[in-house]
Amino acid sequence: MKSASAETKSGVGVRRRVYVILAWCSLLLAGLGVVLPLLPTTPFLLCSLWFSLKAESALAEWLTNHPRFGPPILRWQRERSIPLATKRLVTGLLLFNWLLLLAVGVDARLLAGLALMFCALLVFIWRLPTARTHETDALPSMEQE
C-alpha cells in the first residue's frame with residue numbers, strides 16, 4: 001500500500017509531465033502559427049509559457065530569453081497590452097482569411113460562424129490596452145535576423 005506522500009508525489013509527477021507535454025504542444029502550434037494564416041502565434045506562446053511555468057520546466061526560461069519569442073511574452077507580462085501594429089495586422093489577416101473563404105465558396109453557415117468568432121476575437125483584441133512600441137518589442141515575424 002502506498003503512503004499518502006508517495007501518492008502525492010506521483011500525482012505531482014504526472015501533473016508535471018502533462019504540463020510539459022501541453023507546453024511543448026502549445027509551442028509547436030505557435031511555431032505553426034508563424035506560417036499558417038489562421039493559426040495565431042502569440043496566444044499559443046503564452047499558453048506554452050503558462051504550462052511550462054506550472055511544470056517548473058526550463059522551457060519557460062528559454063521562451064522568455066528567446067530573441068524572437070521573448071519580447072512579445074515579456075511585453076504581455078509587463079503591460080498586458082498589444083501593439084497597435086499587431087492589432088492592425090490581426091484585423092487585416094482575419095478579414096483577408098474570411099474573404100478568401102468567401103471567394104472559394106465555403107458554406108454560408110460556416111462563414112457566419114467564423115464571422116461571429118472573428119468579430120468576438122477582434123472585440124477582445126481591440127479592447128486590450130495598446131502597447132507602447134519599442135524597437136526591441138517588434139513582432140517576431142518582422143524582426144531583423
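## Exercises on a predicted model

α4 is followed by R80, whose phi is positive, near 50°. Helices (H or I, at least four residues) and strands (E, at least two) are DSSP runs, numbered from the N terminus. The model is predicted, so local features need pLDDT of at least 70 and side-chain atom pairs count only at pLDDT 80 or more, while totals for chains, interfaces and linings use all residues. Residues are numbered from 1 along each chain as its sequence is written, and side-chain values use heavy atoms, with hydrogens and water left out.

**Exercise 1. Describe the overall make-up of the protein.**

Step 1. Count the elements: the protein has 6 helices and 2 strands.

Step 2. Put them in order: from the N terminus on, they run α-α-α-α-β-α-α-β.

Step 3. Look at burial, where buried means under 20% relative accessible area, exposed over 50% and partly exposed in between (1.4 Å probe, protein chains only). Of the 145 residues in the protein, 30% are buried.

Step 4. Look at contacts, meaning heavy atoms within 4.5 Å. Among contacts between residues at least 6 apart in sequence, 62% join residues at least 24 apart.

**Exercise 2. Find two residues other than glycine with positive phi, and describe the setting of each.**

Step 1. R80 has a phi near 50° and sits in the loop between α4 and β1. R80 is partly exposed, with a relative accessible area of 46%.

Step 2. E56 has a phi near 55° and sits in the loop between α2 and α3. E56 is exposed, with a relative accessible area of 69%.

**Exercise 3. Work out how α4 is covered and how α2 packs on α4.**

Step 1. List the buried residues of α4: G70, P71, P72, I73, R75 and E79.

Step 2. Name what covers them: the cover includes α2, α3 (59-65), β1 and β2 (130-131).

Step 3. Take the geometry of one pair. Axes are lines fitted to C-alpha atoms, for helices over the stretch in contact, and angles run from 0 to 180 degrees between N-to-C directions. α2 and α4 pack at an angle of about 75°, with their axes 10 Å apart. That makes α2 roughly perpendicular to α4. The cut-offs are under 35 degrees for roughly parallel, over 145 for roughly antiparallel and 65 to 115 for roughly perpendicular, with the rest oblique.

Step 4. Identify the residues: L45, L46 and L49 of α2 meet I73, W76 and Q77 of α4.

Step 5. Sort them by class. Ala, Val, Leu, Ile, Met, Phe, Trp, Tyr, Cys and Pro count as nonpolar, Asp, Glu, Lys and Arg as charged, and the others, Gly among them, as polar. The contact of α2 with α4 has 5 nonpolar residues, 1 polar and no charged.

**Exercise 4. Repeat the packing analysis for α5 and α6.**

Step 1. The angle between α5 and α6 is about 175°, and their axes are 11 Å apart. That makes α5 roughly antiparallel to α6.

Step 2. On the α5 side the contact uses L84, K87, R88, V90, T91, L94, W98, L101 and L102, and on the α6 side L111, L114, A115, F118, L121, L122, I125 and W126.

Step 3. By class, this contact of α5 with α6 has 14 nonpolar, 1 polar and 2 charged residues.

**Exercise 5. Place G33 and S48 in their surroundings.**

Step 1. G33 is in helix α1 and is buried, with a relative accessible area of 10%.

Step 2. Not counting residues up to four places away in sequence, G33 touches L39, P40 and T41. G33 and L45 are 12 residues apart in sequence and 9.8 Å apart in space, C-alpha to C-alpha.

Step 3. S48 is in helix α2 and is buried, with a relative accessible area of 0%. With the same exclusion of residues up to four places away in sequence, S48 touches A23, S26, L27, L59 and L63.

**Exercise 6. Characterise the largest pocket.**

Step 1. Fix the terms. On a 1 Å grid over the protein atoms alone, a pocket is an open set of points with protein on both sides within 12 Å along at least five of seven lines, whereas a cavity is a set where a 1.4 Å probe fits but cannot get out; lining residues have an atom within 4 Å of a point. Grid points are joined across faces, edges and corners, and a volume is the space filled by probe spheres set on the points.

Step 2. The largest pocket has a volume of about 990 Å³. Of its 36 lining residues, the closest to the centre are P40, T41, T42, P43 and V90.

Step 3. The elements that give two or more residues to the lining are α1 (4-35), α2 (42-54), α4 (70-79), β1 (82-83), α5 (84-103) and α6 (108-127).

Step 4. The lining residues divide into 27 nonpolar, 7 polar and 2 charged.
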